Every structure is written in structure tokens, then in C-alpha cells.
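Biologist: Before we discuss particular regions, could you put the model in front of us, so that we can go through its fold, its core and one of its pockets in turn?

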Amino acid sequence: MQRDNQYTFTGRVRYSEIGRRKQMTLPGIINYFQDCSIFQSEEIGFGLGYLAERRRAWILSSWQVVVRRYPLFEEEIEVSTWATDFKKMLASRNFSMKDGRGEKVAYANSLWVYMDMERGRPAKPESCEIEAYGTGEPLDMEYAPRKIELPACFEGLPEFPVRRYHIDTNEHVNNCQYVQMAMEAAETGKDICQARVEYKCSAVYQDLIFPRVAREEDRTVVKLCDAQGGPYAIVEFRYM
């Protein structure tokens with residue numbers, strides 16, 4: 001439901017969204033946020049069909065996702081999103097997930113780039129699109145820089161190919177799939193309280209991903225690279 005420039009929908013934590021401890025996973029939370037933004041675009045008339053016809057897309061540039069606690073199986077949840085700013089080809093967007101008592105369990109900030117997919121370069125959105133989304137007040141949260149500070153040394157892990165199930169409607173690896181790849185590479189087993197992602201270059205079907213991992217006292221940083229070492233995405237995890 002769209003109200004005062006904010007889109008909200010409710011749900012119930014499904015079995016397919018939980019891990020072995022009956023808690024929603026971090027990818028589950030990210031997918032809810034991503035779905036919420038797409039639902040808003042569809043409701044205001046600027047969804048997938050509109051963008052595909054014009055060869056345009058909103059491409060995610062960076063995430064900062066904060067988790068206070070992971071909702072449990074069958075819990076009622078409410079997910080919201082709203083744009084907070086538009087500057088030329090860029091848009092900032094916040095997200096929130098609340099439990100049945102109205103307590104905020106997770107929230108996020110994100111930066112998006114409006115892309116001309118035919119030319120492969122940023123484009124300025126139409127004024128009617130910006131007006132349809134509108135803007136709301138930014139979340140009261142500690143905003144991290146978009147750029148992730150890199151450790152000095154990384155450990156290389158075995159490469160793996162991009163599979164068909166990694167691919168989304170833009171024919172690129174889906175935003176959340178990079179997070180899942182990084183979680184697999186990090187292998188800490190700890191509960192993540194914050195994930196930051198810096199998207200650098202889009203991987204496509206059959207590309208090879210070369211993971212590089214750096215573990216520090218308070219965080220793990222994963223670079224998902226191409227064969228030449230150029231990163232597709234950089235992911236930072238901090239733990240509860």
C-alpha cells in the first residue's frame with residue numbers, strides 16, 4: 001500500500017525464508033526489502049514493464065543493512081520503503097522491517113543508479129518518475145560511507161561459475177545473490193548484525209567468480225572478483 005510516499009506490505013515468515021534455528025536469514029530480509037521497492041514501483045506505474053519498454057533500470061550501487069534481531073518462523077512482519085533523495089541519476093532509499101508489536105527488527109539504507117541499459121550508462125530519470133515516488137524523511141540511523149575500507153591482505157578461495165538461478169530480469173546476478181555468495185565464502189557461523197555491499201560491476205551467466213576473504217577482529221570483508229581481480233562486489237559483515 002502506497003501512503004505519503006511510503007510503500008508498506010505485511011507478511012508472515014515462511015519456512016522457505018528460515019535457517020536451521022527457525023529464524024529468517026539475512027538473504028530473506030534483503031529479499032523482502034528488494035521486493036518492497038519493486039512493489040512500490042509497480043503500484044505507481046513505473047515497474048518492470050515500464051522500465052523494460054524504455055530499456056531503463058534502477059541498479060543498486062550500495063547497501064547498508066542493519067539487523068537488530070532475526071524474525072522467527074510464522075512471525076507477522078511489516079516491510080516499508082521510501083525514497084529519501086534524488087540527485088541527477090542517483091536515488092537514496094530507506095527500508096524498515098517491523099514485527100507484530102511494531103518493533104523495528106531490521107532497517108537499511110541504499111543508493112541506486114538509474115541506467116540506460118541500451119547504452120550501458122547512467123541516465124537522468126523523468127521528472128514524472130521522481131514526482132511519483134516522492135521523498136520521505138531519512139531514517140534516524142548511523143549512516144556508513146558508501147565505500148568499504150579494504151583490509152591489506154585477502155585469502156583466495158576456489159572460483160565458481162555464475163549459475164542460471166543467480167540471474168535476475170536484467171540478465172545480471174541478482175543483488176541478494178552476491179550477499180549469499182559472500183556469506184558462503186565468509187563461513188563464520190556468527191549472526192550478522194550489519195551487511196554493507198558495494199556493487200562494482202555486473203556479473204552475468206557463466207562468468208567465473210573468484211572469492212577473496214579477509215577476516216579481522218570485528219568484521220569480515222569478501223571481494224567477489226573476476227579472473228583479473230577486478231571486483232564484481234565487495235561485501236562487509238559485522239557480527240552480533
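Modeller: Contact here means heavy atoms within 4.5 Å, and please bear in mind that this is a predicted model.

Biologist: What share of the contacts in the chain with a separation of 6 or more comes from residues 24 or more positions apart?

Modeller: The chain has four helices and 13 strands. Among its contacts with a separation of 6 or more, the share that joins residues 24 or more positions apart is 72%.

Biologist: What radius of gyration does the chain have, against that of a compact globule?

Modeller: The C-alpha trace spans about 45 × 45 × 30 Å along its principal axes. For 240 residues a compact globule would have a radius of gyration near 18 Å, and the chain therefore agrees with this rule, at 18 Å.

Biologist: Which helix gives the largest share of the largest nonpolar core?

Modeller: That core has 58 residues, and those with the most contacts inside it include Phe237 and Leu26. Phe237 is in contact with Leu26 and, among others, with Val179, Ala182 and Met183, leaving aside neighbours within four places in sequence. The largest share of the core, seven residues, comes from helix 4 (residues 175-186).

Biologist: Which elements give two or more residues to the lining of the second largest pocket?

Modeller: This pocket holds about 420 Å³ of space, and its lining of 18 residues has Met183 as one of those nearest the centre. By class, the lining has eight nonpolar, five polar and five charged residues. The elements that give two or more residues are helix 4 and strand 13 (231-239).

Conventions: Residues are numbered from 1 along each chain as its sequence is written. This is a predicted model: local features need pLDDT of at least 70, side-chain atom pairs count only at pLDDT 80 or more; totals for chains, interfaces and linings use all residues. Side-chain values use heavy atoms; hydrogens and water are left out. A nonpolar core is a set of buried Ala, Val, Leu, Ile, Met, Phe, Trp, Tyr and Cys residues joined through side-chain atoms within 4.5 Å. Buried means under 20% relative accessible area, exposed over 50%, partly exposed in between (1.4 Å probe, protein chains only). On a 1 Å grid over the protein atoms alone, a cavity is a set of points where a 1.4 Å probe fits but cannot get out, and a pocket is an open set with protein on both sides within 12 Å along at least five of seven lines; lining residues have an atom within 4 Å of a point. Grid points are joined across faces, edges and corners, and a volume is the space filled by probe spheres set on the points. Ala, Val, Leu, Ile, Met, Phe, Trp, Tyr, Cys and Pro count as nonpolar, Asp, Glu, Lys and Arg as charged, and the others, Gly among them, as polar. The radius of gyration is taken over C-alpha atoms; the globule rule is 2.2 Å times the number of residues to the power 0.38.
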